Amino acid sequence: STPPSSRLRRKSGPSGRRPVPGGFSAELAAIASGFDEITASLKNRGKACAVGPGGGGGTLLYKHWSPRIVVGDLRPQSGTFVYWFDDRVEYNIRDHPEERGGVQMYLHFQHFRPPDFSEDQKRVRWKIPKSLQYFTKYYDCARTNHFLELRFQTASEAAAFRAKVWPTMSSKCRG
């Protein structure tokens, strides 16, 4: 009799099944396909709050990190990168209280009431004269103290905003 250690045995794969001849690459392809489906599913979980057509196109005027975001009574704990284009602002609210995956904001200047910019306070804020999807509990356009607000980390970022974005933004607001 042959000792057990010297017997030739075909080992099982990670799934517990015996591998199919030449099937290792096929098994990897199946695993990769599963990851692609999961990734696509996660990307679709995020929501978009658009006032005007969604993002895309246009000239990027300025990008900065905003340490503070305000949407009416909602003041999320996390900051976000803000992208200012020639016709809109885009940013992501990652820790929305009800919407897992966050809410991507696409806000066109033409829908803003005249905005308020304070270089000293390092902030820009504005009103949109309509309710905002995903923010009906937090933003009421009829309340005088409800604004959308973004902050700048430094005075130099606020100054760059004033030079690069403010003239375009303020001239396009019609709300």
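**Exercise 1. Count the salt bridges in this predicted model, then place the one formed by E98.**

Step 1. Apply the rule: a side-chain nitrogen of Lys or Arg within 4 Å of a carboxyl oxygen of Asp or Glu. The count comes to nine salt bridges.

Step 2. Find the partner of E98. It is K137, with the closest N and O atoms 3.4 Å apart.

Step 3. Locate both residues. E98 sits in the loop between β5 (88–93) and β6 (103–108), and K137 in the loop between β8 and β9, so the pair ties together parts 39 residues apart in sequence. Strands here are DSSP runs (E, at least two residues), numbered from the N terminus.

The model is predicted: local features need pLDDT of at least 70, side-chain atom pairs count only at pLDDT 80 or more, and totals for chains, interfaces and linings use all residues. Residues are numbered from 1 along each chain as its sequence is written, and side-chain values use heavy atoms, without hydrogens and water.

**Exercise 2. Which salt bridges does D116 form, and is R123 buried or exposed?**

Step 1. D116 meets R123 at 2.7 Å, N to O. D116 also meets R125, at 3.5 Å.

Step 2. Classify by relative accessible area: buried under 20%, exposed over 50%, partly exposed in between (1.4 Å probe, protein chains only). R123 is buried at 6%. D116 is partly exposed at 31%, and R125 is partly exposed at 24%.

**Exercise 3. Which residues stand opposite E149?**

Step 1. Take β3 and β9: they pair antiparallel over three bridges. Pairing requires at least two DSSP bridges. V70 stands opposite E149.

Step 2. Take β8 (123–126) and β9 (148–151): four bridges join them, also antiparallel. R125 stands opposite E149.

Step 3. Add the side chains. E149 is linked with R68 and R151 in a salt-bridge network.
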